[in-house]
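Grab a pencil and open the viewer. Here are some exercises to work through, each with a solution that goes step by step.

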Amino acid sequence: MEKGTAPQQEKTLPHSSRRFHFTKAKKDPLRKGLVLFCGLFDRQVTSSALADGYPLHDGKLAIDYVPRALARVGLSARVVDIELEDIFERLLPALLLTESGTTVILSELDLKQGTAKVLLPETGGGIDDLSLDELKEIYTGTAILAKPKFRKDDRAGNYAKEKKNIGLKGH
């Protein structure tokens with residue numbers, strides 16, 4: 001097998017005598033989480049579009065390229081090391097990296113009750129209620145925070161701008 005290629009498996013499909021070769025696709029849980037994350041901001045994007053033009057390491061997008069990838073879809077983003085207790089409501093939703101290499105999207109955090117609601121990219125955005133202790137166990141301490149970029153609206157141009165009087169004075 002060539003270096004860098006995925007292992008192939010030979011299978012016979014039900015109701016068929018033909019043998020097929022399937023190549024296992026490399027999974028990128030970060031991109032899967034980013035696609036769902038973008039959807040929460042009404043930004044529809046595919047996993048491949050997020051990674052287009054960036055080097056992939058073992059088929060995965062490096063965390064360093066996430067802010068630039070999200071900028072393509074109109075989001076201003078930062079990758080930060082932050083404790084759960086320091087994530088306040090205006091920062092939500094936040095994409096959290098987990099110890100297992102996957103992601104969860106923190107949508108609600110109630111520090112007084114000690115509970116959190118997270119969206120699971122593996123289930124297509126299914127919601128799960130976790131205790132704060134459960135979330136702390138799986139959270140690496142790294143989060144991706146994003147909000148829509150500010151776009152100045154120049155559609156009216158200079159229409160409402162007061163015009164300077166450049167005529168001669170005194171006449």
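**Exercise 1. Work out the accessible surface of the chain and the share that belongs to carbon and sulfur atoms.**

Solution. The accessible surface comes to about 12300 Å². Carbon and sulfur atoms take 50% of that. Keep in mind that this is a predicted model. Next, turn to burial: the chain has 171 residues, and 33% of them count as buried.

**Exercise 2. Write down the secondary structure pattern of the chain, then find what share of the contacts links residues 24 or more positions apart.**

Solution. Start with the tally, which is four helices and ten strands. Now read along the sequence and you get β-β-α-α-β-β-α-β-β-β-β-β-α-β. For the contacts, take those with a separation of 6 or more; residues 24 or more positions apart account for 50% of them.

**Exercise 3. Place D28, decide whether it is buried or exposed, and list its contacts beyond its sequence neighbours.**

Solution. Step one is location: D28 sits in the loop between β2 (19–23) and α1 (29–40). Step two is burial. The relative accessible area of D28 is 10%, and buried means under 20%, so D28 is buried. Step three is the side chain, where a polar atom of D28 lies 3.2 Å from the backbone nitrogen of L30. Finally, skip the neighbours within four places in sequence, and D28 is in contact with G59, K60 and L61.

**Exercise 4. Do the same job for R31: where is it, is it buried or exposed, and what does it contact?**

Solution. R31 belongs to helix α1. Its relative accessibility is 10%, so R31 counts as buried. Look at the side chain next: one of its polar atoms lies 3.1 Å from the backbone oxygen of G59. With neighbours within four places in sequence left aside, R31 is in contact with S47, S48, L50, A51, L56, G59 and L61. Now put this beside the previous exercise: G59 and L61 are on the contact list of D28 and on that of R31.

**Exercise 5. Take D42 and D58. What is the sign of phi at each, and are these residues buried or exposed?**

Solution. Begin with D42, in the loop between α1 and α2 (47–51). It isn't a glycine, yet its phi is positive, at about 60°. Its relative accessible area is 67%; the exposed class starts over 50%, so D42 is exposed. Move on to D58, in the loop between β3 (56–57) and β4 (60–61). Here too phi is positive at about 60° in a residue that is not a glycine. With a relative accessible area of 57%, D58 is exposed as well.

**Exercise 6. How many aromatic pairs does the structure hold, and how are the rings of F37 and F41 arranged?**

Solution. The count is two aromatic pairs. In one of them, the ring centres of F37 and F41 are 5.4 Å apart and the planes stand at 90°. Planes over 60 degrees apart count as edge-to-face, so that is the label for F37 and F41. Check the burial too: F37 and F41 are both buried.

**Exercise 7. Which kind of peptide bond joins L92 and P93, and where does P93 lie?**

Solution. Read omega first: it is about 0°, and the bond joining L92 and P93 is cis. Then place P93, which falls in the loop between β5 (75–81) and β6 (94–98).

Note on methods. Residues numbered from 1 in each chain as written. Predicted model: local features only at pLDDT ≥ 70, side-chain atom pairs only at ≥ 80, totals over all residues. Heavy atoms only, no water. Helix = DSSP H or I, 4+ residues; strand = E, 2+ residues; numbered from the N terminus. Buried < 20%, exposed > 50% of the residue type's maximum accessible area, 1.4 Å probe, protein only. Polar contact = N/O pair within 3.5 Å; in protein donor to acceptor, adjacent residues only side chain to side chain. Contact = heavy atoms within 4.5 Å. Phe/Tyr/Trp six-rings, centres within 6.5 Å; stacked < 30°, edge-to-face > 60°. Areas by Shrake-Rupley, 256 points an atom, 1.4 Å probe, with all protein chains shown as cover.
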